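This briefing goes through one protein model with a bound ligand, topic by topic. Please keep the sequence and the coordinates open while reading.

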Amino acid sequence: MQNLYWKILFQPLMNRRLGNESVQRLRREVLAQVYGEVLEIGFGSGLNLACYPPGIRSMNAIDILPLQTPHPASGIRIQYQIMSAEKLAFPDASFDSVVRTFTLCSIPDAESALREITRVLKPQGRFFFLEHGKSQNRCIAALQNLLNPFYNILACGCNINRDMLKIIAACGLTLQTSKVDQCGLPFSGLYFSGIAVKKGDPC
Ligand SMILES: C[S@@+](CC[C@H](N)C(=O)[O-])C[C@H]1O[C@@H](n2cnc3c(N)ncnc32)[C@H](O)[C@@H]1O
């Protein structure tokens, strides 16, 4: 039943919202500097594919769900694996770029997932992110806390009240750039994007 709800209602709505032009613009902005060996975590329906710079010809992608087809056409060769972000089956220091968009909100153990990113990044590798999260406005943040238990059920495990920049900074990563944009309803449309490096790497 939950699977049917995901497939027929939630996923099409989510793709529509996360695939609209203002969100695609944010994706292009944050992914413009992706380079080298790339890992995308929480690949979903491949909405990032159209937003990678032209130099990217191949990448690894993981998700807990099987690959959804069709996904947007691109010249990028994808090595897809079903895998949990909390336990990546890649050796230490494997990737120059790790990309994750709109996924930390629904990963049950966000801290483990970020430590895994730190582990698989090469020295001087970069983590590119775009997430929605907790508002910096105290009234909206309180509303998000209130609504989250209901939203979490309706939105298949997504949380609207995670303090994204704080969680990222607490897990062995240093923010190199970060930006906040409002695209949609105040309680769910506050988007945090940026680039982080491993602690100790030059920013
Ligand atoms: C909201 S969708 C975002 C998809 C895509 N990244 C985008 O920006 O459109 C979240 C994706 O994260 C995946 N996901 C959730 N928990 C995960 C986990 N623990 N490990 C890997 N992927 C996960 C879901 O299956 C889903 O495809």
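The notes below cover the ligand site, the strands, one helix, two unusual backbone angles and the cysteines. The model is predicted. The protein buries 94% of the 600 Å² that the ligand exposes when taken alone, and the structure holds 0 disulfides.

**Ligand site**

- There are 19 residues around the ligand, and R27, G42, D63, A85 and T101 come nearest.
- The side chain of R27 has an N or O atom 2.8 Å from an oxygen atom of the ligand.
- G42 takes part through its backbone: an N or O atom there lies 2.6 Å from a nitrogen atom of the ligand.
- I64 also has a polar backbone atom at 3.5 Å from a nitrogen atom of the ligand.
- Taken alone, the ligand exposes 600 Å², of which the protein buries 94%.

**Strand 1 and its partners**

- Strand 1 spans residues 38-41, and both of its faces are covered.
- On one side V38 and E40 are buried, and on the other side L39 and I41 are buried.
- In a regular strand, side chains alternate between the two faces of the sheet.
- Strand 1 runs parallel to strand 4 (residues 95-101), and 4 bridges join the two.
- Within that pairing, V38 stands opposite S97 of strand 4.
- Strand 1 also pairs with strand 2 (residues 58-63), in the parallel sense and over 3 bridges.
- Here L39 stands opposite N60 of strand 2.

**R100 in strand 4**

- R100 is found in strand 4.
- R100 counts as buried because its relative accessible area is 1%, under the cut-off of 20%.
- Leaving aside residues up to four places away in sequence, R100 touches I41, L114, I117, F127, F128, F129, L130, E131 and I168.
- Among these contacts, I41 is one of the buried residues of strand 1, while L114 and I117 are among the buried residues of helix 3.

**Helix 3**

- Helix 3 covers residues 110-120, and its buried residues are A110, A113, L114, E116, I117, T118 and V120.
- In an α-helix there are 3.6 residues a turn, so residues three or four places apart point the same way.
- The buried residues of helix 3 pack against several strands: strand 1, strand 4, strand 5 (121-132), strand 6 (173-182) and strand 7 (190-198).
- They also pack against helix 5 (164-169).

**Positive phi angles**

- Most residues other than glycine have a negative phi.
- A93 is not a glycine, yet has a positive phi of about 55°.
- A93 is found in the loop between strand 3 (77-82) and strand 4, and counts as partly exposed because its relative accessibility is 36%.
- F102 is not a glycine either, and has a positive phi of about 50°.
- F102 is located in the loop between strand 4 and helix 3, and counts as buried because its relative accessibility is 9%.

**Cysteines**

- How many disulfides does the structure hold? The structure holds 0 disulfides.
- C183 is in no disulfide, and the nearest cysteine sulfur, that of C51, is 13 Å away.
- A disulfide needs the two cysteine sulfur atoms to be within 2.5 Å.
- Is C183 buried or exposed? C183 counts as buried because its relative accessibility is 14%.
- C139 counts as exposed because its relative accessibility is 64%, over the cut-off of 50%.

Key:
Residues are numbered from 1 along each chain as its sequence is written. This is a predicted model: local features need pLDDT of at least 70, side-chain atom pairs count only at pLDDT 80 or more; totals for chains, interfaces and linings use all residues. Side-chain values use heavy atoms; hydrogens and water are left out. Buried means under 20% relative accessible area, exposed over 50%, partly exposed in between (1.4 Å probe, protein chains only). Two strands pair if DSSP finds at least two bridges between them. Contact means heavy atoms within 4.5 Å. A residue is near a molecule or strand if one of its heavy atoms lies within 4 Å of it. A polar contact is a pair of N or O atoms within 3.5 Å; within protein, one must be able to donate a hydrogen and the other to accept it, and residues adjacent in sequence count only if both atoms are side-chain atoms. Accessible areas come from the Shrake-Rupley method with a 1.4 Å probe; for residues, only the protein chains shown count as cover.
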